[in-house]
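Good morning, colleagues. Please look at the structure on the screen while I take you through its sheet, its helices and its pocket.

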Amino acid sequence: MEEQEECQVGETKETPTPPVRVYADGIYDLFHFGHARSLEQAKKLFPNTYLLVGCCNDEITHKYKGKTVMTEKERYESLRHCRWVDEVIPDAPWVITQEFLDKHQIDYVAHDSLPYADASGAGKDVYEYVKSVGKFKETKRTDGISTSDIIMRIIKDYNQYVMRNLDRGYTRKELGVSYVKEKRLRMNMGLKKLQERVKKQQEEVGKKIQTVGKIAGMHPNEWVENADRLVAGFLEMFEEGCHKMGTAIRDRIQERLRAQQLKSLLYDEWDDDNEFYDDDEYYTD
């Protein structure tokens, strides 16, 4: 009994190890899984990590990097909903200094190893200082995804996204689209839908012809020759008709546009944007 009491007296409670405070920063515009994976790597650098994530505000980002799609508040809020983030630091500095490290008690800074040119003029790399003092930890980028890539996808299919939003109730002014361009897009999309319906109808006709051939008991080779000839003749007539109809629709719309333009010039009632120029660089036939 006495020996047991002596053992209990001799025992000391272990002091819990404080978490390693790791800092990651960025713009985090259009927050995507590439961002999340980099933050996951930062969070898992040590068994017990407290991850602080700094996000630059709009003013400093627009000055040194360029315009963002999301506002600073939207970017901050996106980070707060990431499971790996323990704390978000708004208005993060462009270049990390010792003063900033001391203020937030940062042990290490995590980022990919590529040098990021210091547009502020303070140095060649925004992480130059933390690398020099041995507080930099490397993370890996995720190939195939970036904010720039997402923006490029939107630009590539610009007309489709404009039409989608017009169909959903957005006005052309909200989308920054001229009157002429809106009419062109609607005409183009109408013709595209017509072509899709024609193609579907062609496939259905082909299936019906095959069914008729089987019922008639025609020889396979004879059936293939007849079917090819029938389908080819049908398609030729149908496509010619569609082409004439599409041309007629386009001519009628252009005639109305010219009349609208003439009216606006005579009565000075044209919209503020007044964009009657040929913006074919955004128009796909």
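Aspartate 25 has glycine 54 of strand E2 as its bridge partner. I should say at once that this is a predicted model. The pair belongs to a wider connection: strand E1, residues 20-26, and strand E2, residues 49-55, run parallel and are joined by seven bridges.

Helix H4, residues 72-80, packs on the sheet and touches E2 and E3. The direction of H4 makes about 165 degrees with that of E2. A second helix to consider is H2, residues 33-43, which lies across E1, E2, strand E4 (108-112) and E5. Relative to E2, helix H2 runs at about 140 degrees.

Let us now take the sheet as a whole. In what order do the five strands stand? The order is E3-E2-E1-E4-E5, in an open sheet with parallel pairing. At the edges are strand E3 (87-89) and strand E5 (136-139); each has a single partner strand, so one side of each is left without a neighbour in the sheet. On average, and ignoring direction, neighbouring strands of this sheet are turned by 30 degrees against each other.

I turn next to the largest pocket, whose volume is about 880 Å³. It is lined by 36 residues, and those closest to its centre are Ile27, His35, Lys65, Tyr116 and Arg141. Two or more lining residues come from each of E1, H2, E4 and helix H7 (147-156). Which element gives the most to this lining? The answer is H2, with four residues. Helix H2, which we met lying across strands of the sheet, is thus also part of the pocket wall. By class, the lining consists of 15 nonpolar, 14 polar and seven charged residues.

Where does the largest pocket lie with respect to the two domains? Domain 1 (18-137) and domain 2 (145-217) both give residues to the lining, so the pocket lies between them.

Finally, a local detail elsewhere in the chain. Asparagine 165 lies in helix H8, residues 158-167. Leaving aside residues up to four places away in sequence, asparagine 165 touches Tyr170 and Leu175. With leucine 175, the separation is 10 residues in sequence and 8.2 Å in space, C-alpha to C-alpha.

To close, I would ask you to keep two points in view: the open sheet of five strands, and the largest pocket, which lies between domain 1 and domain 2. Thank you for your attention.

Note on methods
Residues are numbered from 1 along each chain as its sequence is written. This is a predicted model: local features need pLDDT of at least 70, side-chain atom pairs count only at pLDDT 80 or more; totals for chains, interfaces and linings use all residues. Side-chain values use heavy atoms; hydrogens and water are left out. Two strands pair if DSSP finds at least two bridges between them. Axes are lines fitted to C-alpha atoms, for helices over the stretch in contact, and angles run from 0 to 180 degrees between N-to-C directions. Contact means heavy atoms within 4.5 Å. On a 1 Å grid over the protein atoms alone, a cavity is a set of points where a 1.4 Å probe fits but cannot get out, and a pocket is an open set with protein on both sides within 12 Å along at least five of seven lines; lining residues have an atom within 4 Å of a point. Grid points are joined across faces, edges and corners, and a volume is the space filled by probe spheres set on the points. Ala, Val, Leu, Ile, Met, Phe, Trp, Tyr, Cys and Pro count as nonpolar, Asp, Glu, Lys and Arg as charged, and the others, Gly among them, as polar. Domain bounds come from an automatic or database domain assignment.
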